[in-house]
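Hi,

Here is the structure I promised to pass on. Have a look at it first, and then read my notes underneath.

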Amino acid sequence: MLLCPVRNCHLALVREARRLVCPRGHSFDVARHGYINLLQPQERSSRQPGDTEAALASRRRLHQRGITAPLLEAIADVLGAKPADVILDAGCGDGFYLGSIVGQTGCAGHGVDISTAAIDAAAKRYPACEWVVANADRFVPYADRSFSAVISITARMNAGEFRRVLRDNGRLLVAIPAPDDLIELRGRGRDRTARTLETFWGHFQLAGRRPASTRAHLDAAAVQDVLNSMYRPLRRQPPQAAEVTFSLDLLLFCPVKPA
Ligand SMILES: [Zn+2]
């Protein structure tokens with residue numbers, strides 16, 4: 001099911017004991033914790049792609065405090081995963097959402113992220129899923145129609161590739177930050193819905209939409225964790241205890257049927 005990520009190759013990878021190889025001899029390691037690293041040398045050399053260790057640790061503490069549990073519940077509800085599902089999480093981070101959904105439903109889960117640190121953490125915590133380090137912005141390294149569902153939770157979006165790896169009767173769940181997400185820390189928000197619909201236009205059509213929101217009283221340490229986990233923190237004053245809104249727009253898409 002995994003394909004060679006080398007440009008103009010994309011042949012099926014065959015699994016050996018500690019590596020995967022394609023018929024052209026491109027070879028990729030299976031790491032000690034069981035994940036597969038499909039980054040190519042020029043991608044590996046770029047400094048710390050994706051999440052840093054500090055951002056990962058901060059986000060994990062927020063999950064462990066249960067702050068994101070209502071968001072997980074809403075995502076799982078909209079996705080409606082069944083044991084027969086095969087789900088791809090594109091930009092899975094440390095695997096919290098995919099690992100939890102697979103744990104709850106027993107479906108098959110495959111997570112891809114460009115951050116080796118994130119995938120290493122996911123593989124240790126959720127060994128029931130398959131975890132892959134890859135740059136899914138360019139190529140999602142799976143055969144056509146591999147998945148019954150694709151999810152992208154506040155992550156990058158690759159409409160053409162999501163469509164290619166999704167079955168014709170599959171579904172795509174995209175979660176984007178809502179305008180009031182972290183509004184107390186950001187100061188202002190923006191509505192990303194129109195741009196997201198535009199991104200998927202021609203490949204997917206909107207089948208449903210639902211907000212998912214929760215508020216939590218956070219102490220200063222937890223506020224610091226939220227700031228660490230943001231990609232572009234706006235405020236610079238030291239964190240203090242605050243009530244903070246976590247808010248997503250969940251967009252459910254169906255594939256447009258091929259002509
Ligand atoms: Zn190859």
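Below is what I found, going from the sheets to the helices and then to a salt bridge.

One thing to keep in mind: this is a predicted model.

Let's start with the eight-stranded sheet. It is open, its pairing is mixed, and its strands come in the order β4-β7-β6-β5-β8-β9-β11-β10. At the edges you'll find β4 (36-37) and β10 (204-218), each with pairing on one side only. To see one pairing up close, go to β6 (residues 108-113) and β7 (residues 130-133): they run parallel and are joined by four bridges. One residue pair to click on is Gly111 with its bridge partner in β7, Trp131.

Helices pack on this sheet too. Helix α5 (residues 116-125) touches β4, β6 and β7, and its direction makes about 170 degrees with that of β7. Helix α3 (residues 69-79) lies across β5 (86-90), β8 (147-153), β9 (166-177), β10 and β11 (242-255). With β10, the angle of α3 is about 160 degrees.

There is also an open sheet of three strands, ordered β1-β2-β3, with antiparallel pairing. Its edge strands are β1 (14-15) and β3 (27-29). Two bridges connect β1 with β2 (residues 19-21), and Arg15 has Leu20 in β2 as its bridge partner.

Now for a pair of helices. When two helices pack, people describe them by the angle and the distance between their axes. Here, α2 (residues 53-64) and α9 (residues 220-229) have axes that come within 8 Å and cross at roughly 130 degrees. Are they parallel, perpendicular or oblique? Angles over 145 degrees would count as roughly antiparallel and 65 to 115 as roughly perpendicular, so α2 and α9 are oblique to each other. Their crossing is left-handed.

Which residues of α2 and α9 meet? On the α2 side they are Ala55, Ser58, Arg59, Arg61 and Leu62, and on the α9 side Ala222, Asp225, Val226, Asn228 and Ser229. Sorted by class, that contact has four nonpolar, three polar and three charged residues.

Last up, salt bridges: the count comes to 14. One of them is between Arg65 and Asp219, whose closest N and O atoms are 3.6 Å apart. Arg65 sits in the loop between α2 and α3, while Asp219 is in the loop between β10 and α9, so this pair ties together parts that are 154 residues apart in sequence.

Have fun exploring!

Definitions and conventions. Residues numbered from 1 in each chain as written. Predicted model: local features only at pLDDT ≥ 70, side-chain atom pairs only at ≥ 80, totals over all residues. Heavy atoms only, no water. Axes fitted to C-alpha atoms, helices over the stretch in contact; angles between N-to-C directions. Parallel < 35°, antiparallel > 145°, perpendicular 65-115°, else oblique. Left-handed = near helix turned anticlockwise from the far one by under 90°. Contact = heavy atoms within 4.5 Å. Nonpolar A, V, L, I, M, F, W, Y, C, P; charged D, E, K, R; others polar. Pairing = 2+ DSSP bridges. Salt bridge = Lys/Arg side-chain N within 4 Å of Asp/Glu carboxyl O.
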